[in-house]
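Colleague: I'm new to this one. Could you take me through a single part of it up close, and then show me what it connects to?

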Amino acid sequence: MENGDSNLHIAMFPWLAFGHMIPWLEFAKLLAEKGHRISFISTPKNIDRLPKIPPCSSPLINYVRIPLPSLQGLPPNAEATMDLPPSKVRHLKKAVDMLQQPMTHLLESLAPDWVLFDFAPYWIPSVAAKLGIKSAFFTICTATMVAFLGPSSLLINGDDDRKKLEDFTVPPKWVTFPSTIAYRYYDIKNTFDCAEDNISGVSDFLRWGWCLKSSDIIMVRSCSEFEPEWLELLESIHQKRVFPVGQLPPTACETDDKTDSWRWIKDWLDMQEKGSVVYVAFGSEAKPSQEQLTELALGIELSGMPFFWVLRNRRGVADTELTELPPGFEERTKGRGVVWTSWAPQLKILAHESTGGFLTHSGWSSVVEALMFGRALILLTFYADQGINARVLEEKKIGYSIPRNEFDGSFKRNSVAESVKLVMVSEEGKIYRDKAKEMSGLFGDRARQDNYVNNILSYLKGNRPTKRVIC
């Protein structure tokens, strides 16, 4: 642990999604381990649901509650994306915009050296500058995804040449090296609402543009060993320092070994053959449609592989579109597979030697956790950055995507079954299994992660604000 006057006070305000808050908290713990004080800002309900801070970090990480304003269209007690169906998330962004004045007062009272912010509160850099606080835009997206978005001027002014969905299915013109990475049509079709104004009057593209333009520096969840050319491209596009923060692998398992749920899961996994189980989970937000769920279930059944499926068929109380497994599915697969409908300790399941592969939505936190343990990846994307993540994994032969209709993203049970068997057991899929094991040395390397944190801290300490402006 560092000491003395060089220690920093850093405020952090991640987007109100657990897929964002959890890796942000991992970063906070790494900074605190170096002796720096963290003010981790979120809403009361979210803070109550966040993991307990380890004793070694707890003296330096302070959870700071900022109440979310009431808003018509936003259900009571809905404070994170996991509490809402996709159609309601726009109300959450509007509520975040209504925090501008409370956040100003909060930052003024906290007086941190730096504030790290996510894409939604695009207004934080201007608030921070008035208070004499440095700002860093920290995104959990890969450098590839951020670079694919393009220059901030295009995002802000709306003069991007890419006007049609098809335009996003090829690499953008500013990519100066050979690459096949681009959206599939069905992925960009599901994602493109971010280009449209929502009830806040501010599109996601505009938010990203101002974040990239107005921050003092940019931080991305990446490492130079994994995507060096994309990190260089980011600095070239934005003409400012871009810092990879590392892959932020989780520093501790999520549950106590003695909990009843984990004990039952472990007992079941212990009975399976090594590397035989397909773990199926799509994070806290992605939810297959009824048609997708039916084909997915029948495909998993058809594959004949043992499976552990964490099934989420509802996104918050406002989600009225409940989905159901095909009739008789659980009875027919009993003994070979488990359908788990409550929270599950994903990290422990992935770490178990019986788990051989992961059928995932390609959310980067899930990818990092899988590759830490060398688990082969079967990819089924839904929206947002998942499409680009999947293409990165495909290009590097780390993951295999279930074949789908290019226009509407539909898929059939046979494709699911064949994809699972290919990645898990076939000779053709050995490259994916081997690559995943190879990546465990990169994604789980604590010493490398430590070096990225040290590099960032060196910059933050050398560029802390010299004086405060009292408004």
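Modeller: Let's go straight to where Phe27, Leu30 and Leu31 of α1 meet Gln449, Val453, Ile456 and Leu457 of α19; contact here means heavy atoms within 4.5 Å. Sorted by type, the residues of this contact are 6 nonpolar, 1 polar and no charged (Ala, Val, Leu, Ile, Met, Phe, Trp, Tyr, Cys and Pro count as nonpolar, Asp, Glu, Lys and Arg as charged, and the others, Gly among them, as polar). Bear in mind that this is a predicted model, where local features need pLDDT of at least 70 and side-chain atom pairs count only at pLDDT 80 or more, while totals for chains, interfaces and linings use all residues. Residues are numbered from 1 along each chain as its sequence is written, and side-chain values use heavy atoms, leaving out hydrogens and water.

Helix α1 covers residues 18–33 and helix α19 residues 446–462; helices are DSSP runs (H or I, at least four residues), numbered from the N terminus. Their axes sit 10 Å apart at an angle of about 75 degrees, with axes being lines fitted to C-alpha atoms over the stretch in contact and angles running from 0 to 180 degrees between N-to-C directions. The pair is therefore roughly perpendicular, a label for 65 to 115 degrees.

Leu30 and Leu31 turn up again, with Met12 and Trp114, in a second, separate core of 35 residues. A nonpolar core is a set of buried Ala, Val, Leu, Ile, Met, Phe, Trp, Tyr and Cys residues joined through side-chain atoms within 4.5 Å, buried meaning under 20% relative accessible area (1.4 Å probe, protein chains only). The largest core has 99 residues, with Trp15 and Trp208 among those touching the most other members.

Note on methods:
Buried means under 20% relative accessible area, exposed over 50%, partly exposed in between (1.4 Å probe, protein chains only). Helices (H or I, at least four residues) and strands (E, at least two) are DSSP runs, numbered from the N terminus. Angles under 35 degrees count as roughly parallel, over 145 as roughly antiparallel, 65 to 115 as roughly perpendicular and the rest as oblique.
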